[in-house]
Amino acid sequence: MAENKQKRVGQMETIRKVLHYIKRYWLLVGLSLVLAAVIVALTLYVPILTGNAVDLIVDRGRVDMPGILDIMVKIAVAMLLTAVAQWVMNTANNYITYHVIQDIRQDAFHKLENLPLRYLDARSYGDIVSRVIADVDTFADGLLMGFTQLFTGVLTIFGTLFFMLITNVPIALVVICITPVSFLVAKFIATRTYRMFKEQSETRGEQTALVEEMVGNQKIVKTFSREEAVTEQFREINGRLEKCSLKAIFYSSLTNPCTRFVNSLVYAGVGIFGALVVIKTRGIGLSVGRLSCFLSYANQYTKPFNEISGVITELQNAIACAARIFELIEEEAQVPDAAGAKALTDARGNVELEHVYFQYVPDKKLIQDFNLCVQPGQRVAIVGPTGCGKTTVINLLMRFYDVDSGSIRVDGRDIRDLTRGSLRTSYGMVLQETWLRAGTILDNIRMGKPQATEEEVVTAAKAAHAHSFIKRLPEGYHTVITEDGGSLSQGQKQLLCIARVMLCLPPMLILDEATSSIDTRTEIRIQKAFARMMEGRTSFIVAHRLSTIREADIILVMKDGNIIEQGNHESLLAQGGFYRELYNSQFAG
C-alpha cells in the first residue's frame, strides 16, 4: 500500500515537472484548447444536422429536398472548418511538444556539462545516453499523443453528454450509468502499466550501456575471445527486456478491447432503450431523426474512451521515461564557483598543497596529509605503483574533485577562490587516454585555441612531431576524422593531443603518461620538444617509465596516497629506498 502511494506521488511529481516545461508555451496551449473546443462543437453539430435531414424524409414522395440540400451545405461548411481547425491545432501541438523536448534535452545536456566527475565515474555512459536520447524520444511520443487526443477526447465526452441530456434525459442517464465501467477498466490497467514501462526503460538503458561498451572495446573482446561470453550477457539482458516489454504491452493492449466492450454496451443500451421510446411514443417523444442523432452521439461519446485509454497507456510509458530524465536533470551539480571567485590571470606557477586529505569513497582512505610546495618553473615528476594516487593528485590540481580538507593554492590563492575555467585554462594537459572529436585535424588541434591561424597550428604540429604524418593524410590538416580518431594509430592520436597543448602554451603543464603510446625514437624527439616547452613553466609529470623523468627538478615518490620520498634523480638513487627499487626493476641488467 505504501509502495503504491509512493508510486502515485512520484507520478504526480513527474507530471508537475512536465507541466513546468509546458507552461512556457501557455498561449499555444490555450489556442490548442480553444481549437479543440471548436472541433468538438462542429463535430457534435453535424449529427444534429443529420438528424434534421432524416426527419425531412417523411415518406415516399414526401421528401423536402430544398431543406436537405440546405442542411448538406451546412454539413460541408462545418466539415471544412473542422479540417482547418484540426490542422492548426496539430501544428500548435507539434510546436509545443518538440519545443518542450528541446528544452528538456538542453537542460539534460547542460546538467551533464555541470555534473561532478564523481557522478560520471560511478555510472554507465550508455545508461546516461539512453536517458537523453531514447527516453526523451519515448516521452515525446506520449506527450504528442496526449496533446493530440486527450484534449479533444475529454471535450467530446462532456460535449456529447450535454447534447444527449438536452435531447433526451432518460437515455442520457443510461449512458451515464454505464460510463464509470470504462473509467474503472482504464484505471485498473494504468496502475499496472507504469511500473512495467519503468522497468522496460531501465532495462533498455542497461542494454544500451552494454552495446556502447562493446562497440567501443571490440578489439579487446576479440583479443581475449570473449565474443561468446559477451553475446550471452547481451542475450540475458535482451531476454529480460523481452519479458518486461511483453508484460507492459500485454497489459496496455487489454485497454482497447476492454473499453470497446464497455462502449458496445453503451451503444446497445442507447439503441434498445431509444427504439422502445420511439415505438411507445410513436415518434412524438423521440423522432427517428433524433434517435439517429442520439446513436451518433453515443458512438462519438464512446470513441474518446478508446483513444483516452490508449493515451493513458502511452502516457504511463512517457511518464516513466520522463522520471528517468528528471532524475538526471535534478542531480546535484558540481559546487559552483564561490560568489567572489576571481579569474586566474598571468599565473606564475607557484603551487602549494597543504595538509590535503582526499578519498573517493568514505571507507577507503587515499590521500592523507599531502604537502607539497612547487616554485615557478620547476618540473615535478610523480612516480609510484599503480593506485598510489598519482592521477588523483592531478584531478585535485585541476579541481575535477575538491579536497576533503586542507588546501591547494596557486600563486598564493586557494583554488576554491578561483573560477574553474581560468584555473583549467592555465594548465596544459596531455593524458594517457587520448580524446579527439569528429571533425578535421585542424579543428582538433585548435580545440584549446579556436582563434589560432593555420600557420600557428602547423608550427605546433611540427613541434609535436605530428606534421609529417598529417601531411600524408588524404586532405592534410583538413582531413576529417571520425569520433576518437577513427583509423589513426594510438600514437598518432596522442601526437595530436600533444600538438593541441603546444598550440596553447599555458603557464603550467600536466603530462600524465603523455608519451606512453609513442615509439622510442619519436619519444626522444617529443621529450626534447617538451623540454623546450617546459622552460619557465611549472610542470607536473606523471610517469611509469622512469627514464622520462630523470631531468625533473623534484621527483615525488608516492605510495598509498603519501609522499614517502622526495628529491632529484641522483639523490633518490643514493638514498637506496623505494625509488631505487622501482628504477632497478626497470633497468636492472
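**Figure 1. The largest nonpolar core of the predicted model.** In this predicted model, the largest nonpolar core contains 46 residues. Ile441, Ile445, Ile470, Tyr477, Ile549, Ile555 and Tyr579 have the most contacts inside this core. Helix α16, residues 490-504, supplies the largest share, eight residues. A second core, separate from this one, has 34 residues, among them Phe370, Leu372, Ile510 and Phe540. In soluble globular proteins, nonpolar side chains tend to be buried together.

**Figure 2. Surroundings of isoleucine 470.** The view is centred on Ile470, one of the residues with the most contacts inside the largest core. With neighbours within four places in sequence left aside, isoleucine 470 contacts Ile441, Ile445, Ala461, Gly476, Tyr477 and Leu496. Of these partners, Ile441, Ile445 and Tyr477 are also listed among the core residues with the most contacts.

**Figure 3. The six-strand sheet.** Six strands make up an open sheet with mixed pairing, in the order β8-β11-β12-β5-β13-β14. Its edges are β8 (427-430) and β14 (562-567), each of which pairs on one side only. On average, neighbouring strands are turned by 15° against each other, direction ignored. Within the sheet, β5 (residues 379-383) and β12 (residues 538-542) pair in the parallel sense, over four bridges. Arginine 379 has serine 539 in β12 as its bridge partner. Strands of a sheet pair through backbone hydrogen bonds, either parallel or antiparallel.

**Figure 4. The four-strand sheet.** Four strands with antiparallel pairing form an open sheet in the order β4-β3-β6-β7. The edge strands, β4 (367-374) and β7 (413-414), each pair on one side only. Strand β3, residues 351-358, runs antiparallel to β4 and is joined to it by five bridges. Isoleucine 367 in β4 stands opposite phenylalanine 358. β3 also pairs with β6 in the antiparallel sense, again over five bridges. Here leucine 353 is opposite isoleucine 408 of β6.

**Figure 5. The β6-β7 hairpin.** β6 and β7 form a hairpin with two residues between them. The two strands are antiparallel and pair over two bridges. Arginine 409 has aspartate 414 in β7 as its bridge partner. In the turn, aspartate 411 has a positive phi of about 55°.

**Figure 6. Helix α11 and the strands it lies across.** Helix α11 (residues 390-397) lies across β5, β8, β11 (508-512), β12 and β13 (554-559). The angle to β12 is about 145°. α11 also lies across β3, β4 and β6 (405-410), running at about 115° to β3. The helix thus has strands of the six-strand sheet and strands of the four-strand sheet among those it lies across. Seven of the eight residues in α11 are buried, and the helix is mostly covered. The buried residues are Lys390, Thr392, Val393, Ile394, Asn395, Leu396 and Leu397. Just after the helix, arginine 399 takes a positive phi of about 60°.

**Figure 7. Helix α16 against the six-strand sheet.** α16 lies across β8 and β11 and runs at about 170° to β8. Strand β8 is an edge strand of the six-strand sheet. The helix also gives the largest core eight residues.

**Figure 8. The loop at aspartate 519.** Aspartate 519 is in the loop between β11 and α17 (520-534). With a relative accessibility of 44%, aspartate 519 counts as partly exposed, because that value falls between the 20% limit for buried and the 50% limit for exposed residues. Its C-alpha atom is 7.7 Å from that of glycine 491, although the two residues are 28 apart along the chain.

**Figure 9. Two cysteines, 321 and 504.** Cysteine 321 has a relative accessible area of 0% and is buried, whereas cysteine 504 is partly exposed at 32%. A search of the whole structure finds zero disulfides.

**Figure 10. Overview of the chain.** The protein chain has 19 helices and 14 strands. Of its 589 residues, 46% are buried. Among contacts between residues at least 6 apart in sequence, 77% join residues at least 24 apart. The chain exposes about 30,500 Å², and carbon and sulfur atoms supply 59% of this area.

Definitions and conventions:
Residues are numbered from 1 along each chain as its sequence is written. This is a predicted model: local features need pLDDT of at least 70, side-chain atom pairs count only at pLDDT 80 or more; totals for chains, interfaces and linings use all residues. Side-chain values use heavy atoms; hydrogens and water are left out. A disulfide is a pair of cysteine sulfur atoms within 2.5 Å. Buried means under 20% relative accessible area, exposed over 50%, partly exposed in between (1.4 Å probe, protein chains only). A nonpolar core is a set of buried Ala, Val, Leu, Ile, Met, Phe, Trp, Tyr and Cys residues joined through side-chain atoms within 4.5 Å. Contact means heavy atoms within 4.5 Å. Two strands pair if DSSP finds at least two bridges between them. Axes are lines fitted to C-alpha atoms, for helices over the stretch in contact, and angles run from 0 to 180 degrees between N-to-C directions. Accessible areas come from the Shrake-Rupley method with a 1.4 Å probe; for residues, only the protein chains shown count as cover.
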